[in-house]
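Visitor: Good afternoon. Could you walk me through this one?
Guide: Certainly; please look at the sequence and structure together.
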Amino acid sequence: MEFSQLSVGDNLPETTWFKITQQQINEFAVATGDHQWIHIDQERCAKESPFGTTIAHGFLSASLMPMMFEQIITLDPTRNTMLNYGIDSLRFLEPVRVDDYIKYQFKVADVEQKPTGKLFKVAAQVDIKNRDKPALVGTFLTLLIGK
């Protein structure tokens with residue numbers, strides 16, 4: 001799907017399943033400085049965590065969104081540039097455990113013309129394989145600058 005052609009109400013195809021590994025969690029901890037034991041201490045989590053294993057940082061799932069979004073949309077780089085414009089809402093509903101598989105669903109909630117381009121409000125949900133509750137739901141903002 002060409003991003004510039006999306007309209008309010010458009011449901012984008014689901015992404016493929018993506019496995020969350022301990023290495024990704026550890027690298028995210030280093031990048032963000034968030035080294036809480038619930039994320040990185042596998043032995044302690046096996047004994048003390050209510051989840052029985054390490055869990056991914058909520059913002060790890062959110063930060064993977066651009067990569068997953070690129071699986072399902074196209075953009076003409078000679079005509080357009082996409083900029084992260086922020087987040088209107090974000091809720092972490094279910095922890096993503098190490099070795100879980102997640103996938104993303106997107107729906108265009110609104111499109112607003114700005115002086116520099118079109119502002120897309122995209123409702124997103126991250127599903128966890130074999131779980132009823134999503135990992136996160138939110139509305140992400142992307143500014144499409146272009147000709």
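Visitor: Which residue's side chain meets that of Arg131 in a salt bridge?
Guide: In this predicted model, the side chain of Arg131 pairs with that of Asp100, at 2.7 Å from N to O.

Visitor: What parts does the pair tie together?
Guide: Arg131 is in the loop between β4 and β5, while Asp100 is in the loop between β2 and β3, so the bridge ties together parts that are 31 residues apart in sequence.

Visitor: Is Asp100 buried or exposed?
Guide: Asp100 counts as buried, because its relative accessibility is 13% and the cut-off for buried is under 20%. Arg131, with a relative accessible area of 22%, is partly exposed.

Visitor: Which residues are linked with these two in a network?
Guide: Glu94 and Arg97 join Asp100 and Arg131 in a network of salt bridges.

Visitor: How many salt bridges are there in the whole structure?
Guide: A search of the whole structure gives 8. One of them joins the side chains of Lys19 and Asp99, at 3.8 Å from N to O. This pair links distant parts of the chain: Lys19 belongs to strand β1 (residues 18-19) and Asp99 to the loop between β2 (80-92) and β3, 80 residues apart.

Visitor: And how exposed are Lys19 and Asp99?
Guide: Lys19 is partly exposed at 35% relative accessibility, and Asp99 is also partly exposed, at 42%.

Visitor: Where do Glu48 and Arg44 lie?
Guide: Both lie in helix α3 (residues 42-48), 4 residues apart, which is about one turn of the helix. Their side chains form a salt bridge of 3.1 Å, N to O. Glu48 is partly exposed at 49%, and Arg44 is partly exposed at 33%.

Visitor: New topic: which residues touch the most other members of the largest nonpolar core?
Guide: Among its 32 residues, these are Leu12, Ile20, Met65, Ile102, Tyr104 and Phe106. Elements that each supply at least two residues include α1 (22-32), α5 (65-72) and β3 (101-114). The largest share, 5 residues, comes from β4.

Visitor: Why would nonpolar side chains be found together?
Guide: In soluble globular proteins, nonpolar side chains tend to be buried together.

Visitor: What is Ile102 in contact with?
Guide: Leaving aside neighbours within four places in sequence, the contacts of Ile102 include Trp17, Phe18, Ile20, Leu64, Val96, Val126 and Ile128. Thr16, Ser61 and Asp127 are also in contact with Ile102.

How values were computed. Residues numbered from 1 in each chain as written. Predicted model: local features only at pLDDT ≥ 70, side-chain atom pairs only at ≥ 80, totals over all residues. Heavy atoms only, no water. Core = buried A, V, L, I, M, F, W, Y, C linked by side-chain atoms within 4.5 Å. Buried < 20%, exposed > 50% of the residue type's maximum accessible area, 1.4 Å probe, protein only. Contact = heavy atoms within 4.5 Å. Salt bridge = Lys/Arg side-chain N within 4 Å of Asp/Glu carboxyl O.
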